[in-house]
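Student: Could you take me slowly through a single part of this model, explaining each term as you come to it? I would like to see how neighbouring pieces of chain are joined there.

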Amino acid sequence: FLMERKTRAKINRKEVMLAKLRKSCSCTPKKLKNFVMDFFPVLRWLPKYHCKEYIWGDVMSGLVIGIILVPQAIAYSLLAGLKPIYSLYTSFFANIIYFLMGTSRHVSVGIFSLISLMVGQVVDRELLLAGFDLNDDAPPALGDGSLQNDSQTNTTAFNLTIAGMNAECGKECYAIGIATALTFVAGVYQVLMGIFRLGFVSMYLSESVLDGFATGASLTILTAQVKYLIGIKIPRSQGHGMLVITWINIFRNISQANLCDVITSAICIVVLVTAKELGDRYKHKLKFPLPTELVVIVVATLVSHYGKLNEVYASSVSGAIPTGFIPPKVPHFNLMLRVAVDALPLAIVSFVFTVSLSEMCAKKYAYTIRANQEMFAVGFCNIIPSFFHSFATSAALAKTLVKTSTGCQTQVSGVISAMVVLLVLLFLAPLFYSLQKCVLACIIIVSLRGALRKFRDVPARYHVNKVDTLVWVVTMSASALISTEIGLLVGIVFSMLCIIARTQRPRTALLGQIQNTSFYEDDLEYENLSSVPKVKIFRFEAPLYYANRNYFLKSLYRLTNLDPNLEAARRKKYEKKEKQHLKKGDHTTANGLGVGETTLQLVPKQIDFQALVVDCSSISFLDTTGVNTLKEILKDYKDLNISVLLACCNPSVIDSLKRGGYFGKDFGSIQEMLFYSIHNAVQFAKDQK
């Protein structure tokens, strides 16, 4: 039977486009109001805020996240290669802006280790190119944008006229200039992606790629913190192979380790890991997570200050953290040009992590987010703070999980967290002067536990899917051994190549009939299948297109044990010999048979089927090459008196075959060539004589 297709109404695409354009360009008060409400979602949900129901959970989660944010912000400044004050600015502004523009109720947006690492790598590279010393203990640089106004001389000043900064600028000033320019460009990219609705780019970052990238970057972060753990002074490595070079320098200088830093690091790591493990084990009994990082920082600062660890043991400390805000400043345009390429992977990674976490929370708590608005929110979380000496931000998994576990209901908790950070910015920041850098390094390393635990999941991941495991290993290795940006690119390209390879060399099979049923399955995979006499059933488990055309033909010829082209050539050669014998007047053939028996000789013994059924259920689409390939096998097998029948084709494949002329001009023979099930095709082949 032949099912009748529905007739589709013709759509005038030009008129549709013009109608959409007129609608989008029209401006009415209602449309303007909806636009503003959509752009600032807080205007929709804040008037409906249930104060009695939500306020306690929001205040508690906001206070807890704020307490966690402060030590993490100070610690992650080491990754970004910037002063701690800039990390605090970043945490403050990101929470306020996401409160106004975000659509997720639970995501915690702010400073994130991977983003800080990517910013720090660009900052270090540009500082090195500008001629600055990357040594953290270099004399403090004063100049335009400096926070300090004492009498120290600027020994690393650099004239930045070529970079668009006309005044003489020190190392710290230039570093934050690079970071803000990078952040501004990344934010612009994210806003442009939102305008042009390019959120689909995130689909190419699979879970294996993201996990591999995070794990590889975590190894890089851990490596960068080891020198602070043991208190040695080695240059910050730059460029490809940073991980290997850093470890070589660490082992070369291991004899210079500071015993005070080593002991402090060991104690801090033991305390932090023990507290984290106990927190994970008894989290169902705890109403909120233990503020272990804050306790460690407070105790370590007091010990360092009263024990004079910096003066007596030369332990490296955070130094002066000023209070208040620096006047806003426009990022330098020429610096933007220098970092425009680096900003692209930063923008994509920041957006992908934010949207994936937002979707995870929305699914868990049964509400919806708007991915496009999330892109705008993250974009402006980068653009606006870049004028206030902040660097790139993203949603952070660890803080988001803490936020949800402490009763967060809305983004009001983000405002509470911002107020905690503001308190530190205005009053408490100078108290962290004596805080050892090795304590900050311990906080960073312990925070990487989740990403580093991915190594334990490799056997289970390999058991589930070997290809995904290979993608994870390649992405992780490239991110750690080459660089984070190149690692991300390698992961994306390699995962795409894996998909292409799967479609280029897919599974192929000959099918047998399940006894006493109308179903057919792979003869090599299942027992007790019966072959159908005089019929071969071939399955190809991929789209048929230009890249796998040859594999399709080779697999078909191999499994059916018949290459129609070779068989046709053999027959032509035989017929040619027959004609030569007849011309000579010899009435016997080359095989000693009479002319009447020649027809029997022409039928090869190895052809044991009269019909070939192609199971198209796994063929999702055909391109021009795919259609021509099917037309080719139709013709070649027809020359051998073998009929080719197609079964289980989807509508798009049928349309491609019709447009390609597979069924002839008037589709008169379509009922004899196309079937809606394998069994129908087999029955037709059996009845055909």
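Tutor: Domain bounds come from an automatic or database domain assignment. For this chain, that assignment gives domain 1 (51-133 + 171-255 + 323-432 + 447-501) and domain 2 (508-571 + 605-688), and the C-alpha centres of domain 1 and domain 2 lie 52 Å apart. Before going further, keep in mind that this is a predicted model, in which local features need pLDDT of at least 70, side-chain atom pairs count only at pLDDT 80 or more, and totals for chains, interfaces and linings use all residues. Residues are numbered from 1 along each chain as its sequence is written, and side-chain values use heavy atoms, with hydrogens and water left out.

Let us look closely at strand 5 (residues 508-514). Strands here are DSSP runs of E with at least two residues, numbered from the N terminus, while helices are runs of H or I with at least four residues. A residue is called buried when its relative accessible area is under 20%, exposed when it is over 50%, and partly exposed in between, using a 1.4 Å probe and protein chains only. Six of the seven residues of strand 5 are buried, so strand 5 is largely enclosed by the rest of the structure.

Now consider its partners, remembering that two strands pair if DSSP finds at least two bridges between them. With strand 6 (residues 520-522), strand 5 runs antiparallel, and three bridges join the two; at one position, Gly512 has Glu521 of strand 6 as its bridge partner. Five residues lie between the strands in this hairpin of strand 5 and strand 6, where Asn516 takes a positive phi near 60°. Strand 5 also pairs with strand 7 (residues 529-530), again in the antiparallel sense, over two bridges, and here Ile514 stands opposite Leu529.

A further antiparallel pairing, over three bridges, links strand 5 to strand 8. Thr508 faces Phe540 of strand 8, and Ala509 has Arg539 of strand 8 as its bridge partner. Strand 8 (residues 534-540) is itself mostly covered, with six of its seven residues buried.

From strand 8 the pairing can be followed one step further, to strand 9 (residues 609-615), which runs parallel to strand 8 and is joined to it by six bridges. One of the facing pairs there is Val535 with Ala611 of strand 9. Taken together, strand 5 has antiparallel pairings with strand 6, strand 7 and strand 8, whereas the pairing of strand 8 with strand 9 is parallel.
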